[in-house]
Amino acid sequence: MTFGDSLPFMRCVAMTQRKRPSSTQSSSQRRHTGNLVAQDEDDDATFTQPSTSQVQRGLEKLTPAQVDQKTAEVVQYFLVKDQKKMPVRRADLVKHVVKDYRNIYPEILKRAARTFDQVFGLKLVEIDPKNKMYILVNNLETPDKASPVRSPSNPKMGLLLAILSVIFMKGGVVRENLIWNTLRKLRVDPGEKHEEFGDVRKMVTDEFVRQRYLEYVRIPHTEPIEHEFRWGQRADAEVSKAKILEFMGELHEQDPKTWTQQYRQAHSLPNSSQASTSSSSQR
């Protein structure tokens with residue numbers, strides 16, 4: 001999707017900044033999701049990070065070819081997950097891929113990170129230290145690199161950036177009704193099946209949330225139940241707030257500095273997710 005293709009989306013989003021203007025998961029779905037998360041946490045709790053000496057002893061019992069093969073399997077697992085922008089949980093990685101090689105897990109992860117960097121131009125980033133969750137982000141930060149804000153890779157990404165822009169310009173958190181109203185202005189009705197996006201509401205509240213682009217949080221003590229949206233951990237790692245603000249300035253024909261709060265946030269210290277490097281992911 002080119003910048004020209006995404007412009008109508010982003011123009012409509014920009015217009016929503018000039019004035020401040022449900023469907024929910026069933027209880028069984030929420031219970032099922034909670035059970036899955038609890039299971040993942042239990043699996044990870046059984047894994048103890050090997051010490052340096054344990055890793056060294058483990059390496060001495062394996063051939064270089066065995067270690068290379070297991071590293072290749074880990075790299076492939078990450079790449080497959082990355083095709084759908086799904087984060088990788090350490091518990092799943094150890095359980096399904098590393099398996100009997102868990103005593104050299106830190107070394108395998110270090111080698112995988114090096115492969116991503118040197119071969120694919122990707123950075124292995126830990127976005128959730130508590131739950132040990134990782135993603136891959138583009139590491140080719142050059143002046144000539146197209147900004148995802150200006151050149152979304154596909155229509156779905158263009159819609160996601162529109163949503164992220166609204167959240168950012170509205171202070172970092174918005175009620176879901178504002179997002180649905182914004183999408184309707186873009187002629188994307190969350191209550192109807194869309195030719196390009198399918199079930200729009202499910203895509204936004206389920207797919208984008210599972211990919212960690214968005215957080216979809218229930219607002220306490222609301223009846224009927226209401227939710228609000230925030231940026232997710234992957235969005236913090238991949239999307240430049242400064243670029244979004246710069247683009248909004250161009251659309252409004254005004255200096256981005258006039259949005260004082262957003263400008264200060266966009267040009268503050270790097271996001272914590274971006275500051276996490278492959279070295280931190282080996283903890």
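Two strands count as paired when DSSP finds at least two bridges between them. In this predicted model, that rule picks out the partners of strand β3, which covers residues 133-138.

Strand β2, residues 122-128, pairs with β3 in the antiparallel sense over six bridges. One position within this pairing is Lys123, whose bridge partner in β3 is Val137. The two strands form a hairpin, with four residues between them. Lys132 lies in the turn and has a positive phi of about 50 degrees.

Strand β3 also pairs with strand β1, residues 88-89. These two strands run antiparallel and are joined by two bridges. Here Arg89 stands opposite Met133 of β3.

How many of the six residues of β3 are buried? Five of them are, so the strand is largely enclosed by the rest of the structure. Strand β2 offers a buried position as well: Val125 lies in this strand and has a relative accessible area of 2%. Because the cut-off for buried is under 20% relative accessible area, Val125 counts as buried. Its C-alpha atom is separated by 9.9 Å from that of Pro87, although the two residues are 38 residues apart along the chain.

The aromatic residues can be taken next. The count of aromatic pairs comes to six. One of them joins Phe168 and Trp231, with 6.2 Å centre to centre and 55 degrees between the planes, a tilted arrangement. This pair links distant parts of the chain, as Phe168 is in helix α7 (residues 155-169) and Trp231 is in strand β8 (residues 227-231), 63 residues apart. Both residues, Phe168 and Trp231, are buried.

Strand β8 takes part in another such contact through Phe229, which pairs with Trp180 of helix α8 (residues 176-185). The rings of Trp180 and Phe229 are arranged edge-to-face, 5.8 Å centre to centre and with 90 degrees between the planes. Along the chain, Trp180 and Phe229 are 49 residues apart, and each is buried.

Trp180 has a further contact, this time with a charged group. The charged end of Arg201 sits over the ring of Trp180, 4.6 Å from its centre. A similar description applies elsewhere to Arg234, which lies over the face of Tyr213 at 5.6 Å from the ring centre.

Finally, Phe78, Phe116, Phe120 and Tyr134 form one aromatic cluster. The number of Tyr134 places this residue within β3, residues 133-138, the strand that pairs with β2 and with β1.

Conventions: Residues are numbered from 1 along each chain as its sequence is written. This is a predicted model: local features need pLDDT of at least 70, side-chain atom pairs count only at pLDDT 80 or more; totals for chains, interfaces and linings use all residues. Side-chain values use heavy atoms; hydrogens and water are left out. Buried means under 20% relative accessible area, exposed over 50%, partly exposed in between (1.4 Å probe, protein chains only). Rings of Phe, Tyr and Trp (its six-membered ring) pair if their centres lie within 6.5 Å; planes under 30 degrees apart count as stacked, over 60 as edge-to-face and the rest as tilted. A charge sits over a ring if NZ of Lys or CZ of Arg is within 6 Å of the ring centre and within 35 degrees of the ring normal.
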